[in-house]
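Trainee: I would like a close look at one part of this model: the pocket linings. Please take them slowly and spell out the cut-offs.

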Amino acid sequence: MADIYGKSLSREDLLRRVGNINQVGGIREYAYTGGRAAGTRAVEINTGLVTVEILLDRCMDISHASYLGVPFAYISKSNIRHPSYYSKIDPTGFQDNFFAGALTTCGLHNVGAASTAAGRDYQLHGIAANIPAEKISIRETWEGDDLVFTVEGDIHHSSFYHEDTVIHRRITARLGSPFIDIHDRVENRDFAPWPCLLLYHCQFGFPFLTKSSRLITSPILETRPRDAAAEAEMDRFDTFDAPKDGAGEVCFYHTLKADAAGHAGAALFNPNLGREGLGAFVRYDTGTLPRMIQWKMLRSREYVCGLEPISTWLDDRTPEMIKESNLKPLETRDFRLQLGVLPGEEAVRQHLNA
């Protein structure tokens with residue numbers, strides 16, 4: 001059943017009321033035509049509650065996102081750019097093309113700072129976010145009385161003499177649902193082990209982020225500050241200030257307690273949005289994403305809260321970390337996360353088992 005516009009409607013009830021489903025929700029395909037975004041293919045999913053933009057030429061990542069017209073994703077000054085503008089040589093290549101958005105995928109051979117090992121350069125946060133998807137499938141299908149939207153494709157991460165890995169990404173949503181589900185299956189097609197490092201960079205911004213906002217999480221097992229600046233703010237990691245010129249970033253590494261199904265998550269909750277407050281959240285499978293990075297950046301123009309499930313640790317690209325992350329020859333590994341918005345603190349806490 002689709003719970004939409006105050007009614008719970010079966011397939012038959014809904015079809016009687018509309019000429020075309022896109023009157024109330026659906027999938028829309030288009031391409032950008034101007035500026036540095038020109039040529040970038042996109043798909044919009046509108047569930048009637050949540051609307052997200054999937055950039056097919058940018059790893060099928062999610063840029064703009066809104067709930068009942070209220071935006072919850074942070075969009076950077078770089079804005080959307082075609083992957084052809086990305087430079088692996090320029091040390092600022094990732095930042096130049098970093099639109100931020102509700103999801104930017106970092107990996108697969110590196111997350112965190114750029115480094116060099118065994119004569120090979122590893123770019124800041126890897127190159128996955130700038131690889132176009134291929135073998136794309138876009139579908140609207142009825143499953144009983146549920147209308148399901150699916151966008152699926154492959155992101156081929158490969159290099160001569162090096163890795164041959166593929167991210168099989170499937171993004172699904174349902175009409176009348178506030179949830180967007182992402183399922184990545186990473187496959188090593190080579191006969192040597194290769195790293196599988198993933199950081200899901202999920203950015204939330206104004207109007208969800210204000211000085212009245214606070215962080216709600218699943219029960220915290222451990223929190224580590226990234227550096228001395230973060231350590232000085234350990235007692236207020238879950239609260240926020242108004243934008244400040246020149247403010248620096250702080251990061252916290254959280255290990256959250258999973259529920260019985262193995263899920264944990266966090267939400268940016270603004271009590272002043274809607275009638276009972278709204279919480280934009282990320283929820284993830286801790287089996288392959290055991291930690292979450294909280295990126296707290298309150299500088300003017302870079303006013304953002306990142307909630308970022310990660311498969312490993314950030315910054316230190318050690319041989320031990322690489323060995324631990326390696327996919328064996330022909331092995332696959334699954335990663336799952338969910339983005340969405342819920343009204344009311346109680347509903348947010350219940351969904352996150354907080």
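Mentor: Ala, Val, Leu, Ile, Met, Phe, Trp, Tyr, Cys and Pro count as nonpolar, Asp, Glu, Lys and Arg as charged, and the others, Gly among them, as polar. By that split, the lining of the second largest pocket has seven nonpolar, five polar and three charged residues. This is a predicted model, where local features need pLDDT of at least 70, side-chain atom pairs need 80 or more, and totals for chains, interfaces and linings use all residues. Numbering runs from 1 along each chain as its sequence is written, and side-chain values use heavy atoms, without hydrogens or water.

A pocket is an open set of points on a 1 Å grid where a 1.4 Å probe fits, with protein on both sides within 12 Å along at least five of seven lines; lining residues have an atom within 4 Å of a point.

Stay with the second largest pocket. About 190 Å³ of space lies in it (filled by probe spheres set on the points, which are joined across faces, edges and corners). Its lining has 15 residues, and Lys 88, Ile 89, Pro 91, Ala 114 and Gln 123 lie nearest the centre. Helix H2, strand S9 (115-117) and strand S10 (120-122) each give at least two residues to this lining. Helices (at least four residues, H or I) and strands (at least two, E) are DSSP runs numbered from the N terminus.

Now the largest pocket. Its volume is about 550 Å³. There are 24 lining residues, with Gln 95, Phe 98, His 201, Glu 249 and Trp 295 nearest the centre. Two or more residues come from each of H2 (93-96), S15 (197-204), S18, S21 (291-299) and S22 (302-310). S21 gives the largest share, four residues. By character, the lining of the largest pocket holds eleven nonpolar, six polar and seven charged residues.

S18 deserves a second look. This strand spans residues 249-256 and contains His 254. His 254 is buried (under 20% relative accessible area; exposed is over 50%, partly exposed in between; 1.4 Å probe, protein chains only), at 0%. Beyond four places in sequence, His 254 touches (heavy atoms within 4.5 Å) eight residues, including Phe 237, Arg 291, Met 292 and Gln 294.

Finally, the setting. The chain has five helices and 23 strands. Of its 354 residues, 54% count as buried. Its C-alpha atoms fill a box of roughly 65 × 45 × 45 Å along the principal axes. Among contacts with a separation of 6 or more, 65% join residues 24 or more positions apart.
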